[in-house]
Amino acid sequence: MQKALPLDALEKAVREAADPIAASMGLIVWGVEFVCGGRMVVRIYVDKDSSRESVLDDVDDAGSQGGVSEEQCAEISRLVGLALDVEDVMPGAWVLEVSSPGFERVFFSAGQMRPYIGREVDIALADPHPDFIGRRRFKGPLRAVEKDSFAVEILPAPCPGQEQRPVLADIRWNMVKKAHLVHVFPQPGR
């Protein structure tokens, strides 16, 4: 029986299998996540190559959304699954899911957020933010991105008798439990 690898080693093995397969299709591996339970779920998110415009901005003349196709996801799933089976990387029962990051894409690093400055993000921290007592959730426009941190504009808890003004919450990436884009669908007639 194979000994289970730590999650960071599993992620590295999955990326090593998925990166060249995605690249052969003009795609990149956006991120890998694991859902542990009775049967481990391995999720691989693939996106268009970052040298091209974002999938969110790619609309053809007919108004159809471009991006990663179901066929590409199925082929990546098949090939990565075979590679992981041959290398015997995954212990026990597991399921592989491959998809695009979608409209409300999960971020796996601060650098991935840079093209979305000005857009709304939803952030969950592992522990409360030191500058906002007890607060772990931040939702608001992304205002800045540095190498390992970013800033989100938020409305702090109101103080009696004071006007509520937006402030910037500076967040280091190592504080983040989960971060994703909030997609706002256009409203007809506006």
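In this predicted model, Val 42 finds its bridge partner in S3, namely Leu 96. That pair belongs to a run of 6 bridges through which S2 and S3 line up in the parallel sense. Zooming out, 3 strands make up an open sheet, ordered S1-S2-S3, and the pairing is mixed. S1 and S3 sit at the edges with a single partner strand each, so one side of each has no neighbour in the sheet. From one strand to the next, the twist averages 20 degrees.

Two helices come into the picture next. H1 packs on the sheet, where S1 and S2 are the strands it touches, and its direction makes about 150 degrees with that of S1. H2, for its part, lies across S1, S2 and S3 and runs at about 145 degrees to S3.

H2 takes in residues 70-87, and its length checks out: with 18 residues at 1.5 Å a residue, the helix should span 26 Å, and the end C-alpha atoms are indeed 26 Å apart. Its buried residues are Cys 73, Ile 76, Val 80, Gly 81 and Leu 84. These cover an arc of only 130 degrees around the axis, so they end up on the same side of H2. What do the buried residues of H2 pack against? Their partners are helix H1 (7-23) plus strands S1 (27-35), S2 (40-48) and S3 (94-99). Over on the other side of H2, Glu 71, Asp 85 and Val 86 are exposed. Just past the end of H2 comes Asp 88, with a positive phi of about 55 degrees.

Definitions and conventions:
Residues numbered from 1 in each chain as written. Predicted model: local features only at pLDDT ≥ 70, side-chain atom pairs only at ≥ 80, totals over all residues. Heavy atoms only, no water. Helix = DSSP H or I, 4+ residues; strand = E, 2+ residues; numbered from the N terminus. Expected span 1.5 Å × (residues − 1). Buried < 20%, exposed > 50% of the residue type's maximum accessible area, 1.4 Å probe, protein only. Arc of directions from axis to C-beta. Contact = heavy atoms within 4.5 Å. Pairing = 2+ DSSP bridges. Axes fitted to C-alpha atoms, helices over the stretch in contact; angles between N-to-C directions.
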